[in-house]
Amino acid sequence: MADVEYGVGIGWRPEISGFVAELPGLRFAEVVAESVHAHGDLPAGLSELLERGVTVIPHGVRLGLGGAEAVDPDRVRHLATVAERVGAPLVSEHIAFVRAGGVEAGHLLPLPRSRDAVDAMVANVRRTQAELAVPIALEPIAALFDWPDDELSEADFITEILDRTGAHLLLDIANVYANARNRGTDPLELLDKLPLDRIAYVHVAGGDEHDGLYHDTHTHATPQPVLDLITELCRRHRPPALMLERDGDYPPAGELRSELDAIAAASGYHPIT
Amino acid sequence: MRLHNEAMQDTWGIPGPVFIRLYVVALVILAVGYAIHRRRSFKGTPDPLIGNLGPQQVAFLNGGDRLAIYAALGGLRAAGLIGTGPQHTLVQTGPLTAGVTPLDAAIHNAAGRQARSRDLGADQWVRSSLDQLREGLERRGLAVSRSALRALKLWSFGAGALLVIGVLRAIAGMDNNKPIGFLAFAMFGTVILLVVISKTSRTATIAAQKGMTELRSRHSHLSPQHSPAYATYGAAGAAMGVALYGAASLYSMDPAFAAEAEIQRAAAAGGSSGGDSTSYSCSSSSSCSSSSSCGGGSSCGGGGGCGG
């Protein structure tokens, strides 16, 4: 993934599969790994994309690599099988935990940036890598709060995990924006400290402000500051691929297309619409 | 004398085994004749341009007038041009835009008069747009004409007459203390044939149905089971979803509107079953006639079972 330039892509969702299928310049898309059956038929729209030669990246959301307990081998096997089925050059997951003590959180929770958390995360990533035939990219998540016992800066925390596992980075530029804005820090500072050459691809999404906090909703249009941040990122080191992540409240096709065009313009890649 | 007596006891002077054979032969001839006629009438013309059909045309082929109306309602609703008022009436919520079909215009107009969706089929303007839609499809060999359907229904007279003969014979036979078990069985077959003939109300030709299967796979993203993003697919996508996947699409797109407008959920629920509408009983007989050229006829009519 890191040595081929894919340009602009989009997160494939069944709800908009007809829209994705008609993007003439599309070269890569991401699919939520848990939404693909390990054995049954592939979703119709997805197999069409594969036939067209579009690269499809499985994106796990339920592995819980950051959990204190060992990652569930069945879930890892599923991710590996899906990657094999779609011929993916790479898979991705989050630097987060989704369950603890048998209780499912139902969404991604941020890890405390402690050495213990790094150790637990690294152990789980290694267990996962042992089952995977392709590399994995890890995505830091948006957090509305910081744990009180953080020992590492965000950049050090991410870099240490990547260094110790050899994993790639899936950078969510909207999260970088959201975290900086909610903490009152400078997003460019984080960009300058992250190993940008390790980026496999970039997530771009919209969000909304609520009670003074910016929420990375994936159900709103990508705001201009996030697009500006893409330009800043590409000025430092242009990632091989960037993709729009939209997860609901889908707008008319025209609006989605202009959002994809805006990402292309901000990154200097060819428009895919 | 004894021989004479036995002959006297034959109902209508025809021995039972002879009568039942004649009856079954007549039934099989009717069933096979009907199946062949039906197959010819529904053959249609393969249309390489079937992909260019508009949603309302597809809807008509898939579920007749009612589904064509629902497809138009879906398109108009997705475009924000109609809504619901009190007492399940339709109301206009925006002015018509350019490029709408005559049926869109007719329904939008009816909404301006607060018509109810269930009364749309009786609206004069809607009626004439539907006729126009149908005639276009007939010319392309995609829909069966009303006159061809009427001609096909004439077979019910033959089946009806056979049934009457059977009933009379059964009554006479019972009076004569003769067994009528085989006859009752054959009459049951006749009733099935009669029901199949009189229930035929589908309009899509076999050529059109093949095209429809193609359209359904091309537009599989509009199947309600994928909860399609209708806002993204636009009014045309919404209408095509209703056309191919039935009224369930309207409920998936806008449940409040669909319920308020009293949309009948069961209308042409095609799609998931991969076949035609479930509300049209003709679909089962059509699959008979398409599965085999004449063997299907006998199984349709139930005549084959009776002959044995």
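**Notebook: chains A and B of a predicted model**

I began with helix 6 of chain A, residues 173-183, and found it mostly covered, nine of its eleven residues being buried. I keep in mind throughout that this is a predicted model. The buried residues of helix 6 in chain A run through A:Ile173, A:Ala174, A:Asn175, A:Val176, A:Tyr177, A:Ala178, A:Asn179 and A:Ala180, and A:Asn182 is buried as well.

Next I looked at the two ends of this helix. At the N-terminal end of helix 6 of chain A the cap is A:Asp172, which places a side-chain oxygen 3.0 Å from the backbone nitrogen of A:Ala174. Just after helix 6 of chain A comes A:Gly184, for which I noted a positive phi of about 70°.

**Strands 7, 8 and 4 of chain A**

I then turned to strand 7 of chain A, residues 136-140, and asked how many of its five residues are buried. The count is five of the five, so strand 7 of chain A is largely enclosed by the rest of the structure. In a regular strand the side chains alternate between the two faces of the sheet. I checked the directions here: A:Ile136, A:Leu138 and A:Pro140 point one way from strand 7 of chain A, A:Ala137 and A:Glu139 point the other way, and all of them are buried.

For the neighbours of this strand I followed the pairing. Strand 7 of chain A pairs with strand 8 of chain A, residues 168-172, in the parallel sense over two bridges, and in that pairing A:Ala137 stands opposite A:His168 of strand 8. Strand 7 of chain A also pairs with strand 4 of chain A, again in the parallel sense, this time over five bridges, and there A:Glu139 of strand 7 has A:His94 opposite it.

**A:His94**

That pairing led me to A:His94, which I placed in strand 4 of chain A, residues 91-95. Is A:His94 buried or exposed? With a relative accessible area of 5%, A:His94 is buried, because the cut-off for that class is under 20%. A polar atom of the A:His94 side chain lies 3.2 Å from the backbone oxygen of A:Gly60.

I also listed what A:His94 touches, leaving out residues up to four places away in sequence: A:His59, A:Gly60, A:Val61, A:Leu65, A:Leu108, A:Met121, A:Glu139 and A:Ile141. A:Gly60 thus appears both in this list and as the residue whose backbone oxygen the histidine side chain approaches to 3.2 Å, while A:Glu139 is in the list and is also the residue opposite A:His94 in strand 7 of chain A.

**Strand 1 of chain A**

I went on to strand 1 of chain A, residues 7-12, where six of the six residues are buried, so this strand too is largely enclosed by the rest of the structure. Which strands does it pair with? Four bridges join strand 1 of chain A to strand 12 of chain A, residues 241-244, and the two run parallel; within this pairing, the bridge partner of A:Gly9 is A:Met243. Strand 1 of chain A is also paired with strand 2 of chain A, residues 28-32, in the parallel sense over three bridges, and here I found A:Ile10 standing opposite A:Ala29.

**Chain B and B:Ser117**

In chain B I counted 15 helices and two strands. Of the 308 residues in chain B, 46% are buried. Among contacts in chain B between residues at least 6 apart in sequence, I noted that 70% join residues at least 24 apart.

I took B:Ser117 as a single residue to follow; B:Ser117 sits in the loop between helix 4 (102-112) and helix 5 (124-139) of chain B. Its relative accessibility of 7% counts as buried. Leaving aside neighbours within four places in sequence, B:Ser117 is in contact with B:Leu73, B:His88, B:Leu90, B:Ala261, B:Glu262 and B:Ile263. From C-alpha to C-alpha, B:Ser117 and B:Thr89 are 7.0 Å apart in space, although 28 residues separate them in sequence.

**Where chain B meets chain A**

Last, I looked at the interface, in which nine residues of chain B are in contact with twelve residues of chain A. The area buried between the two chains is about 760 Å², with carbon and sulfur atoms giving 55% of it. In chain B, the residues that lose the most area to chain A are B:His226, B:Thr232 and B:Tyr233, together 52% of what that side buries.

By class, the side of chain B that touches chain A has four nonpolar, five polar and no charged residues. I found zero salt bridges between chain B and chain A, whereas six residue pairs are in polar contact across this interface, both residues being at pLDDT 80 or more.

Methods:
Residues numbered from 1 in each chain as written. Chains lettered and ligands numbered in written order. Heavy atoms only, no water. Contact = heavy atoms within 4.5 Å. Buried area = accessible area lost by both parts, 1.4 Å probe. Salt bridge = Lys/Arg side-chain N within 4 Å of Asp/Glu carboxyl O. Polar contact = N/O pair within 3.5 Å; in protein donor to acceptor, adjacent residues only side chain to side chain. Nonpolar A, V, L, I, M, F, W, Y, C, P; charged D, E, K, R; others polar. Buried < 20%, exposed > 50% of the residue type's maximum accessible area, 1.4 Å probe, protein only. Pairing = 2+ DSSP bridges.
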